Amino acid sequence: MADKLSVSGSSSPYTTGAYKPESNDKNTLTMTGYFQLLATQLQNQDMTNPMDNSEMMAQMTQMAMVQSMQSMTDALQTSTAVSTQTYAASLVGQEVTMAVTVENSYGQETPVDVKYAKVEWVNFTSGDPTIKIEGDDKVYSLSHLVGMGRVPNPFKQEIDTENPGEPGDPDEPKDPDDSKEPDEPGEV
């Protein structure tokens, strides 16, 4: 008997896909195309039952709104891409905490540990920025970044011996301020 059955074209039944057609002249209506369509409609309308002016104005308003929303979406995407690239570029030479992942049985990456190192370089040619850290041949995506500096390992689940049942990290340095008694009210 077969271990895996794939009907959807994907080896994992939980993998979702999306299809987004590229914009072209046949599936995108521009203002120029709209006015050509409107002129053709006005030329071929029934003279005994002409087109209503308010309907024509509503269509023009809707078309203008759709075009404005598309322009705003494009501007936001560009702004987000520039911000992401600027942030990624600022990481070069900085010490970072990167998530170390393993692939689970569903083909998804699951974080299991962290790695501390300085960022050697950032690559923008693949669309989303990728990061190369010192002492590691793997190239990480920006989504693997846990934090700047040495962030405590959020993926390590060891039992704290002082407080059984609570997750803790015995390697994590203790904050000297945590051992002090709370200040009395009004004490500075």
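## A tour of the predicted model

Of the 188 residues of the protein, 18% count as buried. The model is predicted, and the tour moves from the whole chain to individual residues.

**Whole chain.** Select the entire protein and display its accessible surface, which comes to about 14900 Å². Carbon and sulfur atoms account for 54% of that area. Then switch to a cartoon representation: two helices and seven strands appear. Followed along the sequence, the order is α-α-β-β-β-β-β-β-β. If contacts are drawn between residues at least 6 apart in sequence, 45% of them link residues at least 24 apart.

**Strands β1 and β2.** Next, select residues 95-103, which form strand β1, together with residues 109-123, which form strand β2. The two strands run antiparallel and are joined by nine bridges. For one position in this pairing, select E95 and look across to β2, where K118 stands opposite.

**The turn of the hairpin.** Move to the link between β1 and β2, where the hairpin has five residues between the strands. Select G107 here and inspect its backbone: phi is positive, near 85°.

**Strands β1 and β5.** Keep β1 selected and add residues 145-148, strand β5. This pair also runs antiparallel, with three bridges between β1 and β5. To locate a point of this pairing, select M98, which faces L145 in β5.

**Closing view.** Finally, display β1, β2 and β5 together. Strand β1 is joined to β2 by nine bridges and to β5 by three.

Notes
Residues numbered from 1 in each chain as written. Predicted model: local features only at pLDDT ≥ 70, side-chain atom pairs only at ≥ 80, totals over all residues. Heavy atoms only, no water. Helix = DSSP H or I, 4+ residues; strand = E, 2+ residues; numbered from the N terminus. Buried < 20%, exposed > 50% of the residue type's maximum accessible area, 1.4 Å probe, protein only. Contact = heavy atoms within 4.5 Å. Areas by Shrake-Rupley, 256 points an atom, 1.4 Å probe, with all protein chains shown as cover. Pairing = 2+ DSSP bridges.
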